[in-house]
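Hi,

Here is the model I promised to pass on. Have a look at it first, and my notes follow underneath.

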Amino acid sequence: MRFKIPIFDVKNLSFVVRGQNILSSISLEIFNGEYIAIIGPNGGGKTTLIRLLLGLEKQTFGDIKIYGKNIKNFKEWKKIGYVPQRASLVDASFPATVLDIVNMGRISQRKFFSSMSIQDKEAVQDAMLKMDILELQDKMVGTLSGGQRQRVMIARALASKPEVLILDEPNTGVDIVSQKNFYALLSKLNKEENITIIFITHDVGVIADDIGRLFTINQKAIVCNNPKEALSCEEMSVLYGIEAHLLHNHKHEH
Ligand SMILES: Nc1ncnc2c1ncn2[C@@H]1O[C@H](COP(=O)(O)OP(=O)(O)O)[C@@H](O)[C@H]1O
Ligand SMILES: [Mg+2]
């Protein structure tokens, strides 16, 4: 399902720091309902690209439109949920319960110091239900496993009822079983809730079956429209230093 206007419309985007090109002439579009994986080597600029898309960094050159609006005029940030890199690596003594953390996802939507409305509470319960953490809500977040914390951070992002969910390498410190459950949850959000998912990872082998398109970012971007079959994807991966055999092997596993 594709709307005419892309959610993100990026044209000739470049980001230069002290004369060094971090990103060069990136152009891409992301449409409603897509499930996109962004892969690339460490330091390739994946996080920088996401931060530019979220307005957290300012591009050196190029244009970014969000829902058809120039990023400078875009205001509906609650439509975009973001789980930053290393979000779930909280300190064991961090003094907050799971419920406290997920509640934070509603803060931007109510006045400072005002209490939670019924809608806020419902959105928080719904997000916890979707991420299967209702029974953990009174636990201190520092006592949870990596996989549980990961689901808490995503529930926090979901609490604002976003249309898009951007996850920057959420699997750091998470065991394989939790990862598989987690991919199933993401896939469900995409298919059943029509949430557009943008997933940054270097672990593309595990999710190759679910994703619709694959972007490889290594200073430049290569967009791959069919990651399951296209040989060009593999060549691209070799070109860009990604472990192409992951992609290749995976498609024969199922
Ligand atoms: N604001 C900034 N100032 C200086 N260097 C930056 C800045 N943002 C990113 N970089 C550099 O850009 C490169 C890409 O980083 P990053 O986007 O984190 O890559 P990735 O997420 O793919 O690992 C790195 O070399 C990083 O040091
Ligand atoms: Mg990164």
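The chain has 8 helices and 10 strands. Keep in mind that this is a predicted model. Of the 254 residues in the chain, 37% are buried. I also looked at contacts between residues at least 6 apart in sequence: 69% of these join residues at least 24 apart.

On to the sheet. Six strands, in the order β6-β7-β8-β3-β9-β10, make an open sheet with mixed pairing. Its edges are β6 (80-83) and β10 (220-224), each of which pairs on one side only. On average, neighbouring strands here are turned by 15° against each other, ignoring direction.

If you want one pair to zoom in on, try β3 (residues 35-39) with β8 (residues 196-200): these two run parallel and share 4 bridges. Tyr 35, for instance, has Ile 197 of β8 as its bridge partner.

Two helices are worth a look against those strands. Helix α5 (residues 176-192) lies across β3, β7 and β8, and its direction makes an angle of about 150° with β8. Helix α4, for its part, lies across β6 and β7 (164-168), at about 160° to β6.

Now the ligand. Which residues surround ligand 1? The list is Val 17, Ile 22, Gly 40, Asn 42, Gly 43, Gly 44, Gly 45, Lys 46, Thr 47 and Thr 48. Sorted by class, that shell comes to 2 nonpolar, 7 polar and 1 charged residues. Helix α1 (residues 46-53) supplies the largest share of the shell, with 3 residues.

One last spot, Gly 142. You'll find Gly 142 in the loop between α3 (118-130) and α4 (146-158). Is it buried, exposed or partly exposed? Gly 142 has 13 C-beta neighbours inside 10 Å, so it counts as partly exposed; the exposed class stops at 12 or fewer, and buried takes 20 or more. Gly 142 also sits beside a residue from elsewhere in the chain: its C-alpha is 5.7 Å from that of Ser 93, although the two are 49 residues apart in sequence.

That's everything I have for now. Shout if you would like to go through any of it together.

Cheers

Key
Residues are numbered from 1 along each chain as its sequence is written. Chains are lettered from A and ligands numbered from 1 in the order in which they are written. This is a predicted model: local features need pLDDT of at least 70, side-chain atom pairs count only at pLDDT 80 or more; totals for chains, interfaces and linings use all residues. Two residues are in contact if their C-beta atoms, placed from the backbone, lie within 7 Å. A residue is near a molecule or strand if its C-beta atom, placed from the backbone, lies within 6 Å of it. Ala, Val, Leu, Ile, Met, Phe, Trp, Tyr, Cys and Pro count as nonpolar, Asp, Glu, Lys and Arg as charged, and the others, Gly among them, as polar. Two strands pair if DSSP finds at least two bridges between them. Axes are lines fitted to C-alpha atoms, for helices over the stretch in contact, and angles run from 0 to 180 degrees between N-to-C directions.
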